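User: I am new to this structure. Please take a close look at one part of it, and explain in plain terms how that part is held in place and what surrounds it.

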Amino acid sequence: MPRIILLCLFLLAHAAASASAEGEARFGGGMLLPLRVQAVPPPANKLRFRHDVSLTVSVAVGTPPQNVTMVLDTGSELSWLLCNGTGAPRPAAAFDALASSTYAAVRCRSPECQWRGRDLPVPPFCAAPPSDSCRVSLAYADASSADGVLAADTFLLGGAPPAPALFGCVTSYYSATGGGGGGNGTDSSEAATGLLGMNRGSLSFVTQTATHRFAYCIAPGDGPGLLVLGGDGLALAPQLNYTPLIEIPQPLPYFDRVAYSVQLEGIRVGAALLPIPKSVLAPDHTGAGQTMVDSGTQFTFLLADAYAALKAEFASRTRALLAPLGEPGFVFQGAFDACFRAPEARVAAACPRLPEVGLVLRGAEVAVAGERLLYRVPGERRGEGGAEAVWCLTFGSSDMAGMSAYVIGHHHQQNVWVEYDLQNGRVGFAPARCDLATERLGSGA
């Protein structure tokens, strides 16, 4: 029987915040770590983790263990940590490789460097002589990038035994400023140490640790969340609706074969499906148009035809509830231009009456309703005395963001139990009260 590990998720505004392991509570054969939410002002020159909100977990790395905070990302493969020796200001919680007796840099002619990174967009490569190190270079959709060496050390999550794993020891990084009109262009917090890659690639954390199933439940706002790694502990989940993972055996230029790719079959607003051709929702001959479930992206992104249809229908259905912003040049974070202006109290009153948006998958659905449909743009006010805030629909344009795929972000996975079943090639979804689930597991009920 696989050991069950229960971990808490952080949902943070503007940044991933540091974790604390105090007050640990056991449940069955696993460990539940307490969750705290902390907003941290964004310092300069720190890598922005995809968008402005990240899910993070507390991990202990090395010997003796060093506590670090890592962004949980099902859309990335190689885990990485900011390491000492960056030559730039770095978080106080950066991993000190020199202080770990189990740390080992991977050599360039080793099998790990030569073939283990075959699924990465840029495979590991040998450093220029006389160095014998194996270099890694990582890039993300928001133009952020990280560079360093491939290394190995032990990772401890919850009460599980130490697990050896390869990761990127990042020694230089670049933060994209990002954001169009109205974007806040913030970077990640000083407390964020790295990223935990959870996709299906050969160097991902789940592949290296032979994790066949994992799940999470994200509570809205500042509530607690839960990550479950293991087997039988997932029997605690609610009744799930599963959708199969989409496999395309041949390499295609725009299809990510190690992503959690599912089939989007339609988008509904209220009870009505939008008139979007099925061909628009499926990958084309280049692989463009796949739908990915990604915990490393905040919001959901749709390709042009689907986005235009949703934007028009949502505006039509909410005309009596929300006033359009009326500024054609305003684009939040470079991809969100379905925006409105209204006082907070009016939006709070309107949210229960907003039409539910459903992402209809093969055998399952992700439903988005109420306050999860709108995001208040930080620092943007309109009207006399700034009485009105600016709000944008939490579905963005993939094309405007420079992506060729549909992406279901973690904002729309709030209060949803999401299970990744690698053994059976499927992803499961079920509505859940994630705060209550965390309390129940923590109390051993």
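Analyst: Strands here are DSSP runs of type E with at least two residues, numbered from the N terminus. The model is a predicted one. In these terms, aspartate 421 belongs to strand S30, which covers residues 416–421. Aspartate 421 has a relative accessible area of 1%, and because buried means under 20%, this aspartate counts as buried.

The side chain of aspartate 421 has polar partners. It makes a polar contact of 2.9 Å with the side chain of arginine 426. The same side chain also reaches the backbone nitrogen of glutamine 423, at 3.3 Å. If neighbours within four places in sequence are set aside, the residues in contact with aspartate 421 are His212, Arg213 and Arg426.

Arg213 leads on to a disulfide, since strand S14 spans residues 213–217 and holds cysteine 217, while cysteine 434 sits in helix H5 (residues 434–443), so this pair ties together parts 217 residues apart in sequence. The sulfur atoms of cysteine 217 and cysteine 434 are 2.1 Å from each other. The torsion about their S-S bond is about -75 degrees, so this disulfide is left-handed. Each end is buried: cysteine 217 has a relative accessible area of 1%, and cysteine 434 has 0%.

This bond is one of 4 disulfides in the model. Counting bonded cysteines along the chain, the pairing follows the pattern 1-4, 2-3, 5-8, 6-7.

Another disulfide is formed by cysteine 83 and cysteine 169, with 2.0 Å from S to S. The value about its S-S bond is -130 degrees, and the link is left-handed. Cysteine 83 is found in the loop between strand S7 (80–82) and strand S8 (104–105), and cysteine 169 in strand S12 (residues 163–174), so the bond ties parts that are 86 residues apart in sequence. Cysteine 83 is buried at 0% relative accessible area, and cysteine 169 is buried at 3%.

A further disulfide joins cysteine 113 to cysteine 134, with the sulfur atoms 2.2 Å apart. Here the torsion about the S-S bond is about 90 degrees, so the disulfide is right-handed. It links distant parts of the chain, 21 residues apart: cysteine 113 in helix H1 (residues 111–114) and cysteine 134 in strand S10 (residues 134–139). Both of these cysteines are buried.

Two more cysteines can be placed by accessibility. Cysteine 126 is partly exposed, with a relative accessible area of 34%, whereas cysteine 351 is buried, at 9%.

Other aspartates carry an annotation. An unreviewed UniProt entry lists Asp73 and Asp294 under "active site". They span 222 residues in sequence, yet their C-alpha atoms are no more than 6.8 Å apart, so they gather at one spot. Of this set, Asp294 is part of the lining of the largest pocket. Aspartate 73 is located in strand S6 (residues 66–73) and is buried, with a relative accessible area of 0%. Aspartate 294 is located in the loop between strand S20 (291–293) and strand S21 (300–302), and its 7% relative accessibility counts as buried. A polar atom of the side chain of aspartate 294 lies 3.1 Å from the backbone nitrogen of glycine 75.

To return to the starting point, aspartate 421 is buried, and its side chain has a polar contact with that of arginine 426.

Notes. Residues are numbered from 1 along each chain as its sequence is written. This is a predicted model: local features need pLDDT of at least 70, side-chain atom pairs count only at pLDDT 80 or more; totals for chains, interfaces and linings use all residues. Side-chain values use heavy atoms; hydrogens and water are left out. A disulfide is a pair of cysteine sulfur atoms within 2.5 Å. Helices (H or I, at least four residues) and strands (E, at least two) are DSSP runs, numbered from the N terminus. Buried means under 20% relative accessible area, exposed over 50%, partly exposed in between (1.4 Å probe, protein chains only). A polar contact is a pair of N or O atoms within 3.5 Å; within protein, one must be able to donate a hydrogen and the other to accept it, and residues adjacent in sequence count only if both atoms are side-chain atoms. Contact means heavy atoms within 4.5 Å. UniProt positions are given in the numbering used here, feature names are shortened, and annotations may be inferred rather than shown by experiment. On a 1 Å grid over the protein atoms alone, a cavity is a set of points where a 1.4 Å probe fits but cannot get out, and a pocket is an open set with protein on both sides within 12 Å along at least five of seven lines; lining residues have an atom within 4 Å of a point.
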